[in-house]
Each structure stands twice: as structure tokens, then as C-alpha cells.
Amino acid sequence: MSRRPVNPARHHSDGGGLPFLGSIHSKSRSSPLLSIGLLVVGAVLLICYLYSGSGRAISEREALSKIEGGVSCTLEVHRALPVLKKAYGDSMHKILHVGPETCSVVSKLLKEEDTEAWGVEPYDLGDADGNCKSLVCKGIVRVADIKFPLPYRPKSFSLVIVSDAVDYLSPKYLNKTLPELARVSADGVVIFAGYPGQHRAKVAELSKFGRPAKLRSLSWWIRFFLQNSLEENEAAVKKFEQASVEMSYKPACQIFHLKSYH
């Protein structure tokens, strides 16, 4: 900071030659700026608090990041993991996640104690970050078309979780994909699917997903499961519902619990 020239005529009258008085005058001039700075910092902290989990200004469903202009069921998986862990217990130790943004789910699962996780990305990774590229290089995450058989042996995983993937498959391919997911799981398959009426794919995203999302009703899914001999995992459903009540969890996507093929 540049210093103003000192007026010799005022030097003794203003400060009496005592060095600390000049410092006092400087502080008094800067105090308004200091007050404004503190107000700005306080306002930022207040905004952060309001949008944090402890001061929730918007609902969790609204706070979910949007993918293709609609609710992301992959992000719903993140919210549901504590509930799934409580419902499935030891079955959460070796998990395969299938769906867009699988790197985020796998990374979170790998932070859990005694948990192994793998992922299948059904579409191009696009602008993947360094962590995701590392998971691909290590073979933990694969880029694979789920319309074809998965490169895993039967019962390779204790649990298979799929999100944001089945909504983009026609019944022709669902007939092959869902039984395949049941084949590679030992303790069940958990499907996160969108609700009818939720907007999902923008026109710009059709080149990635191949088709607009088809968000089916509960009755449609039940009929489809019956036609393909996919049984509901009633025990898991009850445990999940109980855990949801205990943890005040309300899903933003449809969640189905299916048995594995034995």
C-alpha cells in the first residue's frame, strides 16, 4: 500500500510524534471495510447452512441433481445406500452397480468397510474425471452394452443394483438384460426406475442413450416380471420398507427387489 506524504505542520499536533497513534487512525479508517467484510462472510455462511443437510431449505427430492432434465435414479442410489445396507446386511459386501454415472456409486461403496464393488457403464463415459478413468483402468468399472450377456460368471456378486438403465431399454432387450442381472447375482437384484411423468431425456442426450426414457407404471413392471419368471424378493421388500420408515427415507424413484436365479 502506498503511503501519503506526511504534512510536517500536522505531524506534532495530530500525533505528538508517538508512532502508535498513526496506527490507531489507520484502523479507524479501515473499520467500515472490516465490518462490510464480516457481513459478507456471515451471509455466505448463512446461505451454506440453509442449503446444507442441517438447515434444509429445499426438499431432498428437489435438491437431487438433475440428469437429462429429470430426476436421476443413480443419485437416488446414493441416498438409498444406508437403507439398503440395513435391509440387506451381509449381502452388501460384494456389489455390482449397473447404470450411468456408475463411477460415483462404486467410489462411494468402496469407502465402506468390508465392501467390494464393481460397475458397468452402459453408455460412453464422456468427460470422465481422473478417478473414474482410474477405476476403468483397474478393471473395476467396465463400459459394456447391457443388451448383451454380461462378462461375469453366475452368482459373481452378492447383490446387483441397477439404476437409470432399464428406462432406456425396450421390452425386447429388457427380456434379455434383467434375467442376465439375476444370473450374476447371488442374493438379489435391486432396480431403481423412474416414475411415469418424470422428464428424463433431452433431445441433445438421445445420441448417448439411443432413445427417450420410457417410464413405466408399477403395474407394467409387475406384469413384466411375471412374464419373465422374475420373482419379487418379499423378505427384502419388508426389510427395506421397515428400514425406510426408521430412517425417514422417501424414494424419488420406483424401487424393485427381485430374487436371483438359482
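This report describes the overall composition of a predicted protein model and the arrangement of its open sheet.

## Overall composition

The protein chain of this predicted model contains ten helices and eight strands. Of its 262 residues, 40% are buried. The accessible surface of the chain amounts to about 15400 Å², and carbon and sulfur atoms account for 58% of that area.

Contacts in the chain often link positions far apart in sequence: where the two residues are at least 6 apart, 74% of the contacts join residues at least 24 apart.

## The open sheet

Six strands form an open sheet in the order 5-4-3-6-7-8, and their pairing is mixed. The edges are occupied by strand 5 (141-143) and strand 8 (254-258); each has a single partner strand, so one side of each lacks a neighbour in the sheet. On average, neighbouring strands of this sheet are turned by 15 degrees against each other, direction ignored.

Helix 7, spanning residues 171-183, packs on the sheet. This helix touches strand 3, strand 6 (159-163) and strand 7 (189-193), and its direction makes about 140 degrees with that of strand 7.

## Strands 3 and 4

Strand 3 (residues 94-98) and strand 4 (residues 116-121) run parallel and are joined by five bridges. Two residue pairs illustrate the register: Val98 stands opposite Val120 of strand 4, and Ile95 has Ala117 of strand 4 as its bridge partner. Between the two strands the chain passes through helix 5 (residues 102-110), and the resulting β-α-β crossover is right-handed.

In a regular strand, side chains alternate between the two faces of the sheet.

## Strands 4 and 5

On the way to the edge formed by strand 5, strand 4 is joined to strand 5 by three bridges, and these strands also run parallel. Here Gly119 is paired with Val141, its bridge partner in strand 5.

The connection between these strands includes helix 6 (residues 130-137). Together, strand 4, helix 6 and strand 5 make a β-α-β unit that is right-handed. Strand 4 thus takes part in two right-handed β-α-β arrangements, one reached from strand 3 through helix 5 and one with helix 6 and strand 5.

Terms used. Residues are numbered from 1 along each chain as its sequence is written. This is a predicted model: local features need pLDDT of at least 70, side-chain atom pairs count only at pLDDT 80 or more; totals for chains, interfaces and linings use all residues. Side-chain values use heavy atoms; hydrogens and water are left out. Two strands pair if DSSP finds at least two bridges between them. Helices (H or I, at least four residues) and strands (E, at least two) are DSSP runs, numbered from the N terminus. Axes are lines fitted to C-alpha atoms, for helices over the stretch in contact, and angles run from 0 to 180 degrees between N-to-C directions. Contact means heavy atoms within 4.5 Å. Buried means under 20% relative accessible area, exposed over 50%, partly exposed in between (1.4 Å probe, protein chains only). Accessible areas come from the Shrake-Rupley method with a 1.4 Å probe; for residues, only the protein chains shown count as cover. A crossover is right-handed if, with the strands pointing away from the viewer, the path from the first strand over the helix to the second runs clockwise.
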